[in-house]
Amino acid sequence: MPETILRRATPQDAPKLALLGATTFLTAFAADHPGQALVDHCAHEHGVKRYADWLANPDYAFWMIETPLGAPLGYAMLCPPEIDITPDPGALELKRIYTLPGWQGAGMGRRLIEAVIAEAKARGAPSLYLCVYTVNVAAQRFYARFGFEKVGQQKFMTGDVPFTDWILRKPLG
Ligand SMILES: CC(C)(COP(=O)(O)OP(=O)(O)OC[C@H]1O[C@@H](n2cnc3c(N)ncnc32)[C@H](O)[C@@H]1OP(=O)(O)O)[C@@H](O)C(=O)NCCC(=O)NCCS
């Protein structure tokens, strides 16, 4: 694997995050999600404007891993919880963590999640939540390795199609 660089994303990174976000969402869920739902979801949730708005908000933090030439390979997003259960006061959510197929299993996920956990602790969060598709057992094993445990479930809309996510929580004490 060539050298890869982890850094915090800046407002100028919205186009890179949009490209990487849509690409990784499509490759992660193409196997069992309808095509139109994927297109609709990515057009809205992975649009340049969506990322630009988040990057302008100090409550949201993004990390990227890229090549020395600036090609984006992986990203993670930390934000206030947007979950269907009542979170611990002051808790945060790991909203997205994705690395490109072909680059997975090389330690980028660990570097990203460790950066997110460190920042959540620095912000004084007592715990970190995330949501993961119930069918995505590979990601669930990854999260278990970092101490996340199931605390609930909720609906996740991809376009107009509902899917079921587990809600996981990791204490940060
Ligand atoms: C989940 C994901 C972010 C992990 O990133 P990654 O770069 O592949 O993970 P890493 O190589 O850093 O692995 C980190 C650790 O987790 C372990 N791990 C990674 N994937 C695993 C899996 N499927 N099962 C068990 N352990 C796993 C690794 O062995 C490693 O442990 P170690 O550091 O003790 O050796 C990445 O595989 C991915 O983007 N998957 C597809 C998209 C996705 O499902 N995202 C989450 C949506 S909720």
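Strands are DSSP runs of E, at least two residues in length, numbered from the N terminus. The model used in these exercises is predicted.

**Exercise 1. Place Leu73 in the fold and decide whether Leu73 is buried or exposed.**

Step 1. Find the element. Leu73 lies in strand β3, residues 72-79.

Step 2. Apply the cut-off. Buried means under 20% relative accessible area. Leu73 has 3%, so Leu73 is buried.

Step 3. List the contacts, leaving out residues up to four places away in sequence. Leu73 touches Thr4, Leu20, Ile65, Glu66, Thr67, Tyr98, Thr99, Leu100, Trp103 and Met108.

Step 4. Check a separation. Glu45 is 28 residues from Leu73 along the chain, and their C-alpha atoms are separated by 19 Å.

**Exercise 2. Describe the setting of Lys16 and relate Lys16 to Leu73.**

Step 1. Lys16 sits in helix α1, which spans residues 14-29.

Step 2. Partly exposed covers the range between 20% and 50%. Lys16 has a relative accessibility of 26%, so Lys16 counts as partly exposed.

Step 3. Set aside neighbours within four places in sequence. Lys16 is then in contact with Arg7, Met64, Glu66, Gly70 and Pro72.

Step 4. In sequence, Lys16 and Leu73 are 57 residues apart; C-alpha to C-alpha, they are 9.7 Å apart.

**Exercise 3. Classify the ring pair Tyr51 and Tyr75.**

Step 1. Start with the total. The model holds 13 aromatic pairs.

Step 2. Test the geometry. Ring centres must lie within 6.5 Å, and planes over 60 degrees apart count as edge-to-face. For Tyr51 and Tyr75 the centres are 6.3 Å apart and the planes stand at 80°, so the pair is edge-to-face.

Step 3. Locate the partners. Tyr51 is in helix α3 (residues 48-55) and Tyr75 is in strand β3; the pair links distant parts of the chain, 24 residues apart.

Step 4. Add burial. Tyr51 and Tyr75 are both buried.

Step 5. Widen the view. Ring pairs join Tyr51 and Tyr75 into a cluster whose members include Phe25, Phe29, Trp54 and Tyr98.

**Exercise 4. Characterise the largest pocket and its lining.**

Step 1. Take the volume. The largest pocket holds about 1100 Å³ of space.

Step 2. Find the centre. The lining has 46 residues, and the closest to the centre are Ile97, Tyr98, Asn136, Ala139 and Tyr143.

Step 3. Sort the lining. There are 24 nonpolar, 13 polar and 9 charged residues.

Step 4. Name the main contributor. Strand β4 (residues 92-99) gives the largest share, 7 residues.

**Exercise 5. Summarise the annotated domain.**

Step 1. An unreviewed UniProt entry lists residues 4-173 as "domain: N-acetyltransferase".

Step 2. Over residues 4-173, the chain is 35% helix and 32% strand. The end C-alpha atoms are 30 Å apart.

Notes. Residues numbered from 1 in each chain as written. Predicted model: local features only at pLDDT ≥ 70, side-chain atom pairs only at ≥ 80, totals over all residues. Heavy atoms only, no water. 1 Å grid on protein atoms, 1.4 Å probe; cavity = no way out; pocket = protein on both sides within 12 Å on 5 of 7 lines; lining within 4 Å. Points joined across faces, edges and corners; volume = space filled by probe spheres on them. Helix = DSSP H or I, 4+ residues; strand = E, 2+ residues; numbered from the N terminus. Nonpolar A, V, L, I, M, F, W, Y, C, P; charged D, E, K, R; others polar. UniProt positions renumbered as here; feature names shortened; annotations may be inferred. Buried < 20%, exposed > 50% of the residue type's maximum accessible area, 1.4 Å probe, protein only. Contact = heavy atoms within 4.5 Å. Phe/Tyr/Trp six-rings, centres within 6.5 Å; stacked < 30°, edge-to-face > 60°.
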